[in-house]
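The following exchange sets computed values against the definitions that give them their names. Please consult the sequence and the model while reading.

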Amino acid sequence: MNSQKTVLVTGGGSGIGKEICKRFYKEGYQLVVISLDADELNTLQEELSSLNMPNSQPVHCLPLDLTGSNATRNVGAFCDKIHCDIDILINNAGFGLHDKHSDLNLDQVNAMLHLNILAVSGLCHLFANRMLQSKTSTPKTIINIGSTSAFQPIPMLAAYAASKAFVVSFTEALSVELKDDGIDVHCVCPGTTKTPFLDVAGLSDNTKFGSTAYIAHKIAMSPKDVANLAFNVVGSKYITAVPGLVNKLHYQMTHWLPNIIVQPVVNRLFNR
Ligand SMILES: NC(=O)c1ccc[n+]([C@@H]2O[C@H](COP(=O)([O-])OP(=O)(O)OC[C@H]3O[C@@H](n4cnc5c(N)ncnc54)[C@H](OP(=O)(O)O)[C@@H]3O)[C@@H](O)[C@H]2O)c1
């Protein structure tokens with residue numbers, strides 16, 4: 001246990017982010033949690049305090065829309081106000097939109113791209129600089145939550161999959177840039193996971209056998225398992241880490257098989 005360390009988690013009010021908060025809290029970390037919904041943050045705080053940790057580390061919550069102008073600056077100002085030096089940044093907040101791109105609401109698409117791409121880039125920029133200037137000697141880590149959807153273009157999830165391809169590519173390059181500065185950078189790429197994400201994306205559970213939503217719900221893994229990987233990746237040699245056997249196979253196939261074989265299968269699976 002290391003009670004000195006502080007982890008900042010975006011999107012910590014729900015799903016994978018909430019499980020990540022619980023996992024790190026149980027290991028003695030202080031938390032800074034950012035999410036849209038203040039009620040969800042209050043619930044998280046109550047659940048964490050009911051764990052009765054011996055040191056009852058502080059949990060600082062900031063309800064904030066990360067797509068708002070000045071969001072990155074507001075996060076920095078909040079950390080200054082509470083005097084928190086961030087040891088681990090976890091960019092987890094994100095959402096998807098499932099439909100033909102031309103049928104989606106463009107304002108929603110732009111908000112998704114802002115959250116999944118610009119907020120990740122902005123917070124990595126802010127905290128990489130702060131970590132470089134930090135006076136504490138504790139190891140520093142950045143973890144970005146990608147997705148298996150990053151591994152190939154996906155019809156009906158075109159903009160979302162492309163936004164996660166940005167996250168993986170950006171993270172892998174950042175890990176090289178910051179290696180000699182002592183900042184470890186990792187990308188955790190879950191496949192479909194049992195969280196509100198699927199409903200938000202427009203992939204509600206339904207019984208239409210073989211539909212994308214049907215398959216997504218059938219093979220979804222638990223957010224706890226994804227959170228465990230996010231915890232275990234700290235200090236590991238893995239840059240891109242993929243939880244679960246099915247997702248690992250997916251990663252290997254899209255990396256080693258030629259696109260001419262992979263893409264028609266993906267197009268068939270998702271374009272319906
Ligand atoms: N679940 C999956 O199948 C799956 C698969 C692969 C990758 N992922 C990735 O995993 C990450 C976490 O998703 P999840 O499955 O845990 O979904 P989730 O339960 O819907 O959680 C998303 C979190 O992001 C927050 N958020 C959304 N918009 C925001 C904004 N504008 N500003 C600040 N916070 C915002 C949400 O806050 P509110 O709850 O207050 O709205 C929520 O806490 C995402 O990056 C997602 O792309 C998920």
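Buried means under 20% relative accessible area, exposed means over 50%, and partly exposed lies in between, with a 1.4 Å probe and protein chains only. This is a predicted model, in which local features need pLDDT of at least 70 and side-chain atom pairs count only at pLDDT 80 or more, while totals for chains, interfaces and linings use all residues. Residues are numbered from 1 along each chain as its sequence is written, and side-chain values use heavy atoms, with hydrogens and water left out.

Q: Why is Thr 6 called buried?
A: Thr 6 has 2% relative accessibility. Buried requires a value under 20%, and therefore Thr 6 counts as buried.

Q: Which residues is Thr 6 in contact with, beyond its neighbours within four places in sequence?
A: Contact means heavy atoms within 4.5 Å. By that criterion Thr 6 is in contact with Tyr 29, Gln 30, Val 32, Cys 84, Asp 85, Ile 86, Asp 87 and Ile 88.

Q: Why is Phe 166 called partly exposed?
A: The relative accessibility of Phe 166 is 28%. Partly exposed lies between the limits of 20% and 50%, so Phe 166 counts as partly exposed. Phe 166 belongs to helix α5; helices are DSSP runs of H or I with at least four residues, strands are runs of E with at least two, and both are numbered from the N terminus. Leaving out residues up to four places away in sequence, Phe 166 touches Ile 117 and Ser 121.

Q: What makes β1 and β4 a pair?
A: Two strands pair if DSSP finds at least two bridges between them. β1 and β4 run parallel and are joined by 3 bridges; within this pairing, Val 7 stands opposite Ile 88. Thr 6 lies in strand β1, residues 6-10.

Q: Which other strands pair with β1 and with β4?
A: β1 is joined to β2 by 5 bridges, in parallel, with Leu 8 opposite Val 32. β4 (residues 88-91) pairs with β5 (residues 140-145) over 4 bridges, also in the parallel sense. In β5, Ile 143 is the bridge partner of Ile 90, and Asn 144 is that of Asn 91.

Q: Why are β3 and β7 said to stand at the edges?
A: The open sheet has 7 strands in the order β3-β2-β1-β4-β5-β6-β7, with parallel pairing. β3 (59-63) and β7 (240-241) each have a single partner strand, so one side of each is left without a neighbour in the sheet.

Q: How do you know that β2 is mostly covered?
A: In strand β2 (residues 30-35), 6 of its 6 residues are buried. Gln 30, Val 32 and Ile 34 lie on one side, and Leu 31, Val 33 and Ser 35 on the other.

Q: What makes the approach of Glu 40 to the ligand a polar contact?
A: A polar contact is a pair of N or O atoms within 3.5 Å; within protein, one must be able to donate a hydrogen and the other to accept it, and residues adjacent in sequence count only if both atoms are side-chain atoms. A polar side-chain atom of Glu 40 lies 2.6 Å from an oxygen atom of the ligand. For Lys 164, a polar side-chain atom is 2.9 Å from a ligand oxygen atom.
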